[in-house]
Amino acid sequence: MRRIERENTGTVKPGQDLVTAGFAGLAGTVKIVREREGELHQWFSSQYIDRILNGEFLLPVKEPEFFKNLGATEWEPALEGGILKALWDLSGAYMTGIRFDLHKIPVRQETIEVCERYDLNPYRLFSDGCFVLAADNGGDIVSALKEHGLEAAVIGKVTGGIKRIIVHEDGIGYLDRPSEDELYKVLSKKR
């Protein structure tokens, strides 16, 4: 494992919970719908598209102190490369392993449906407004985030070693090195 260079401001250690705050891929979904709105009308109703464009699904809080005050010991924003890149970067910055359940990561149905139309992985899609948190008690942070009206879930654990393990319906696998954001598969296409 190669160390991810970033300023570490907290702690991440084996035994801690991994928590997500916000929805994976939602910011990328909104960008795709804005760019491809006309095309998407052939598959989705105007009301459905308007709900995506006008919804307030993004996490409104971006100040790190907010998470610290709730009990997070460290956090990583999920920007380009999505939630999987954020998990990769957080574990790489602290040289720890992680084990997480892919299906516990909150993803809105709108994201899944738009991603299916363009054959995209929602977990590798731009996710501004979504964070990965490390905490000693993830359940407490999830409860606190939900009290603030924010979607959150405990998705796994920080482990010893350097393995980045994904649990999914087919068993387990290993997190691949991040690649280009899925967003560019759609936004770079010329029509």
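This passage describes how helices H1, H2 and H5 pack in a predicted model, and then turns to single residues in helices and loops.

The model is predicted, so that local features are reported only at pLDDT of at least 70 and side-chain atom pairs only at pLDDT 80 or more, whereas totals for chains, interfaces and linings use all residues. Residues are numbered from 1 along each chain as its sequence is written, and side-chain values use heavy atoms, with hydrogens and water left out. Helices (H or I, at least four residues) and strands (E, at least two) are DSSP runs, numbered from the N terminus.

Helix H1 spans residues 26-40 and packs against helix H5, residues 109-118, at an angle of about 55°, the two axes being 10 Å apart. Axes here are lines fitted to C-alpha atoms, for helices over the stretch in contact, and angles run from 0 to 180 degrees between N-to-C directions. This angle makes H1 oblique to H5, given that angles under 35 degrees count as roughly parallel, over 145 as roughly antiparallel, 65 to 115 as roughly perpendicular and the rest as oblique. The crossing of the two helices is left-handed, a term used if the near helix is turned anticlockwise from the far one by less than a right angle, with right-handed used if clockwise. On the H1 side the contact (heavy atoms within 4.5 Å) involves Leu26, Thr29, Ile32, Val33, Arg36, Glu39 and Leu40, and these meet Glu110, Thr111, Val114 and Tyr118 in H5. By class, the contact of H1 with H5 comprises 6 nonpolar, 2 polar and 3 charged residues, where Ala, Val, Leu, Ile, Met, Phe, Trp, Tyr, Cys and Pro count as nonpolar, Asp, Glu, Lys and Arg as charged, and the others, Gly among them, as polar.

The packing of H1 with helix H2 has another geometry: these helices pack at an angle of about 150°, with their axes 9 Å apart, and are therefore roughly antiparallel to each other. H1 passes H2 in a left-handed crossing. In this contact Thr29, Val30, Val33, Arg34, Glu37 and Leu40 of H1 meet Ile49, Ile52 and Leu53 of H2, and the residues divide into 6 nonpolar, 1 polar and 2 charged.

Burial in H5 and H2 was examined with cut-offs on relative accessible area (buried under 20%, exposed over 50%, partly exposed in between; 1.4 Å probe, protein chains only). In H5, Glu110, Thr111, Val114, Cys115 and Tyr118 are buried. These residues cover an arc of only 125° around the axis, which puts them on the same side of H5; the arc is that of the directions from the helix axis to the C-beta atoms. Their cover includes H1, H2 (46-54) and helix H7 (183-187). In H2, Tyr48, Ile49, Ile52 and Leu53 are buried. Seen down the axis of H2, these buried residues fall within an arc of 130°, so they line one face of the helix, while Gln47 and Asn54, on the other side of H2, are exposed. The cover of the buried residues of H2 includes H1 and H5. An α-helix has 3.6 residues a turn, so residues three or four places apart point the same way.

Two loop residues have a positive phi. Asp119, which follows H5, lies in the loop between H5 and strand S4 (130-135); its phi is near 55°, a positive value in a residue other than glycine, and Asp119 is exposed, with a relative accessible area of 66%. Met95, in the loop between helix H4 (82-94) and strand S3 (97-101), also has a positive phi near 55°, but Met95 is partly exposed, at a relative accessible area of 28%.

Two helical residues are buried: Leu183 in H7, at 5% relative accessibility, and Trp88 in H4, at 11%. When residues up to four places away in sequence are not counted, Leu183 touches Gly28, Lys31, Ile32, Leu125 and Phe126. Leu183 and Arg124 are 59 residues apart in sequence and 8.5 Å apart in space, C-alpha to C-alpha. Trp88, leaving aside its neighbours within four places in sequence, is in contact with Ile4, Arg164, Leu175, Asp176, Arg177 and Pro178. The C-alpha atoms of Trp88 and Gln47, which are 41 residues apart along the chain, are separated by 36 Å.
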